[in-house]
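Trainee: I would like to go through how the labels on this model are justified. Where should we begin?

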Amino acid sequence: MFYVSTRGNQPAVSSAEAIKMGISPDGGLFVPDAPVTVGPDVMRKMKDMTYRDRAAEILRLYLTDFTAAELEECTGGAYNTTNYDVEEIAPVKELESGTYVLELWHGPTCAFKDMALQILPRFLPRAAAKTGEKGEIVILVATSGDTGKAALEGFKDVPGTRIFVFFPDQGVSQVQRLQMITQEGGNVGVASVRGNFDDAQSGVKAIFTDPEMNRMVGEKGFRFSSANSINWGRLAPQIVYYFSAYLDLLKEGKLSGGEPVNFVVPTGNFGNILAGFYASEAGLPVNRLICAANENNVLTDFIRTGVYDRNRRFVKTISPSMDILISSNLERLLYELTGRDTASVRGWMQDLKENGVYRVGREIYSRLQSLFWSDFSDDRETMAAIRDTYESTGYVADTHTAVGLDVYKKYVEQTGDRTKTVIVSTASPFKFNASVVKALLGEEAVAGKNEFELLKVLAQVSLMEIPAGLRGLERRPVLHQRVVAGEEMPRAVLDFLGI
Ligand SMILES: *Cc1c(COP(=O)(O)O)cnc(C)c1O
C-alpha cells in the first residue's frame, strides 16, 4: 500500500514517508492509494483480542511497510495500563438500552487525542529510520487545547525528536493552559499565541511551507514534521476504536453480527469522524455518522447544503476543542467521495483559500447525505444536555460529549431512526469541570472557585476519582512563559532550536 496526495501533485510514498512528512509537499493530505477491507474472518479473530492486539491487527492493513513486530512494539507501548487508567483502554458503557458511550479519554491527558498521540511518537522514529532520515525530527503543533498536551506527553524525551507547541492565549481552559505550561521533558517547548486557534494553525502551516525556514533548520540537521490530525499516523490509530467499540458490543451480545450502528462524533477538525468514515469504508457496518458541532457550525451547514463557508463569526464556546472554522481533514473526505478526483479537490481548496467558500456538486452532495447527518448545539443546549443526561442516567459527560448527546437527541426527534447508537465521548468531565459543575449544581456552586477547587467538587458529585494527570496540577512549576504574536512564531521556533 502506498500513500498519495489529495491534490495529486506528489509521487506515491510509503506509509513511513507519509508519517514522517506529515503533510504532502503539494499542500495536500496523504491518503491510502488502495481500499482496505476488514473481512469477517478478521472480525471474528479480533473479537476476543485486547485493545492493543486489535490495534496491531487494523494498523497492519494500513501501515504495510511496518513489520508485525514493530507494530506490536508500538501498540504495546501505547495502549497499556501505565498510560491508561482502565484495562479496556477505550471502554464502551451503556447509557440507555440501545445507546452507548465510547470513552476515549482514559489516557494520560484525559482527552481522546491520547488515542493517537500515544502511538504516533512510537511510529515516527521508526518511520525516520526506515526512510534513511538522518536529521532530528522537530514536531510543530498548533492546538485548540487538547492536542498540545497530548502531543507533549507523547513526545517528551522520545530520542531523535523535539516538539514545540503553540496554543491560543485566549482559547484554552485553565486546566489546559496549566497542563501545557508545566510540561516537563528535555526536548519540549511551548508558547502561547495572541489570537485564536485558526491564527495558531495558520502560523504553523506558514512555517511548514516557508522554504527559507526549512533551509535554515535543515542546515542544522533538523526536519519539521506534524503531529496535527493531518498526519496519517494520527488518523490510522483512530480507525481502531470504531472497530473495537463494535466488537465489544458484539461480544456482550448487544449487537448481532453485521448489524449496523450509528456513531455520533463531537467534531472540530474532522479527524475523529473521518476515521469513522474509513472504518465504514473498510467494512464496519455503519448506518450513519452523525457529525455533532457547536455554534461554529460550518460542518453542519456543509453536510446539509453542500456549501462550505468559513466566512462567519468565530464563536468561543464551552466546547473549545471544537471551536474551528477550517476543518482540514474534510479534504480527505472530498477526495474519497469524488472517487479520487484531485482536480476538483484542488479547485475547492483554492476557492476556500481565496474566498473562504466552496460548493460541491450534486453527486458528491448526495453521497455525503447517504452516510452523514449533522446538527449543532449552542452552549445553553450543551449545559442542558449535561444536566438532563445526569438526571436520567447518572452519567456525567464533559461539554464536548454533551454536544454529541444533544445532537443525538435532535437526530432521533428529526429522523425517528432507532438504530443502535454509539456516542463518542472525547474528554473526561474533569477536564472541563467548571462548565460541568455549573450544569449539574448551578451557578452558585462555581462562584468564586477556580478549576482546581472544582475538580474536588466534581469528584464528590460524580463519585469518580480525579484523574492522575490533573491531580496537583496547580502546584507544578510553570516552565514555559513565552507569549508571541503570529508573526513571531518562526522566531520562537528558531530560538527553541538554538538557531
Ligand atoms: C480535538 C477534540 C475534538 C474534535 O475532534 P476532531 O478530530 O478535531 O474533529 C472533540 N472533542 C475533544 C475533547 C477534542 O479534544
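Mentor: With residue classes: Asp, Glu, Lys and Arg count as charged, and Gly is among those that count as polar. This is a predicted model. By those classes, the shell around the ligand has five nonpolar, eight polar and two charged residues.

Trainee: What makes a residue part of the group that surrounds the ligand?

Mentor: One of its heavy atoms must lie within 4 Å of the ligand. There are 15 such residues, and the closest are K113, D146, G268, N269 and T426.

Trainee: Why is the approach of T426 to the ligand called a polar contact?

Mentor: The cut-off for N or O atoms is 3.5 Å. A polar side-chain atom of T426 lies 2.8 Å from a nitrogen atom of the ligand, so the pair counts. Backbone N or O atoms also lie by ligand oxygens, at 3.1 Å for G271 and 2.9 Å for N272. The protein covers 97% of the 390 Å² of accessible area that the ligand has on its own.

Trainee: What is the space taken by the ligand?

Mentor: That space is the largest cavity.

Trainee: How many aromatic pairs are found in the whole structure?

Mentor: The search finds 20. One of them joins Y51 and Y79, at 5.1 Å centre to centre and 85° between the planes.

Trainee: Why is the pair of Y51 and Y79 called edge-to-face?

Mentor: Centres must lie within 6.5 Å, and planes over 60 degrees apart count as edge-to-face. With 5.1 Å and 85°, Y51 and Y79 therefore meet both conditions.

Note on methods
Residues are numbered from 1 along each chain as its sequence is written. This is a predicted model: local features need pLDDT of at least 70, side-chain atom pairs count only at pLDDT 80 or more; totals for chains, interfaces and linings use all residues. Side-chain values use heavy atoms; hydrogens and water are left out. A polar contact is a pair of N or O atoms within 3.5 Å; within protein, one must be able to donate a hydrogen and the other to accept it, and residues adjacent in sequence count only if both atoms are side-chain atoms. Accessible areas come from the Shrake-Rupley method with a 1.4 Å probe; for residues, only the protein chains shown count as cover. On a 1 Å grid over the protein atoms alone, a cavity is a set of points where a 1.4 Å probe fits but cannot get out, and a pocket is an open set with protein on both sides within 12 Å along at least five of seven lines; lining residues have an atom within 4 Å of a point. A molecule sits in a cavity or pocket if more than half of its atoms lie within 2 Å of its grid points. Rings of Phe, Tyr and Trp (its six-membered ring) pair if their centres lie within 6.5 Å; planes under 30 degrees apart count as stacked, over 60 as edge-to-face and the rest as tilted.
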